[in-house]
Amino acid sequence: MKEDQREQRVLRAQDENDTKSIAFDIAGRLKAGDVIALTGDLGTGKTTFTKYLAQGLGIDHNINSPTFNIVKEHYGGRLPLYHFDVYRLGSGEELIDAGAEDYFYGDGVSVVEWADLVMDYLPEDAIVIHISYGEKEGERVYRCIF
Ligand SMILES: Nc1ncnc2c1ncn2[C@@H]1O[C@H](COP(=O)(O)OP(=O)(O)OP(=O)(O)O)[C@@H](O)[C@H]1O
Ligand SMILES: [Mg+2]
């Protein structure tokens, strides 16, 4: 689907607690097979957002960046969460070779940090969430395409 035909929303967080509310709200709407493409500069909060998304799904263990694996699997919530970080990946083909499509089209929700590096390899209908810094410390802006 073309991006301009999709629902776009800009959500603003004044602090991390607002980020948590935004992530919980989105988590409540997710279904199996959803893929979230997370983009945004270093340190904007892609991992933090994923952590709250996991909490919103009812996953109670720690989420940190999957630095040494392409993907980390988290179970125990309403849906499984597959957390990708493709920052160190050489190419999108590597992502596909690693079996990512089994996750994307599987029984859980996939979140991809640094998705802009592999956007052409993600499902066309992936939810895109771009995070940027606001003016004040702790402020973040979420541009979402559902
Ligand atoms: N409103 C906010 N929402 C999310 N994180 C916030 C907010 N305000 C401050 N922070 C802080 O910003 C930092 C974000 O770090 P995080 O590792 O989540 O970013 P990242 O985008 O995943 O980084 P990287 O680019 O290295 O993967 C955390 O220390 C978090 O506490
Ligand atoms: Mg991160």
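**Helix H2, the nonpolar cores and the magnesium site**

In helix H2 of this predicted model, the buried residues are Lys 46, Phe 49, Thr 50, Tyr 52, Leu 53 and Ala 54. An α-helix has 3.6 residues a turn, so residues three or four places apart point the same way. The elements that cover the buried residues of H2 include H1 and the strands S2, S4 (81-85), S5, S6 and S7. Just after H2, a positive phi of about 90 degrees is found at Gly 58.

Two residues of H2 also stand out in the largest nonpolar core, which has 25 residues. Phe 49 and Leu 53, together with Ile 26, Ile 36, Ile 129 and Tyr 142, touch the most other members of this core. At least two core residues come from each of S1 (8-13), H1 (16-29), S2 (35-39), H2, S5, S6 (127-133) and S7 (140-145). A second core is separate from this one and has 19 residues, among them Ala 37, Leu 95, Val 112 and Trp 114. With residues up to four places away in sequence not counted, Leu 53 touches Ala 23, Ile 26, Ala 27, Leu 30, Ile 36 and Val 111. In soluble globular proteins, nonpolar side chains tend to be buried together.

H2 also takes part in a metal site. The magnesium ion (ligand 2) is coordinated by OG1 of Thr 47 and OE of Glu 113, at 2.1 to 2.3 Å. This pair links distant parts of the chain, since Thr 47 lies in H2 (residues 46-56) and Glu 113 in S5 (residues 109-113), 66 residues apart. Thr 47 is partly exposed, at 22% relative accessible area, whereas Glu 113 is buried, at 3%.

Notes. Residues are numbered from 1 along each chain as its sequence is written. Chains are lettered from A and ligands numbered from 1 in the order in which they are written. This is a predicted model: local features need pLDDT of at least 70, side-chain atom pairs count only at pLDDT 80 or more; totals for chains, interfaces and linings use all residues. Side-chain values use heavy atoms; hydrogens and water are left out. Donors are N, O and S atoms within 2.8 Å of the metal (3.2 Å for Na, K and Ca); water is not among the atoms, so sites may look incomplete. Helices (H or I, at least four residues) and strands (E, at least two) are DSSP runs, numbered from the N terminus. Buried means under 20% relative accessible area, exposed over 50%, partly exposed in between (1.4 Å probe, protein chains only). A nonpolar core is a set of buried Ala, Val, Leu, Ile, Met, Phe, Trp, Tyr and Cys residues joined through side-chain atoms within 4.5 Å. Contact means heavy atoms within 4.5 Å.
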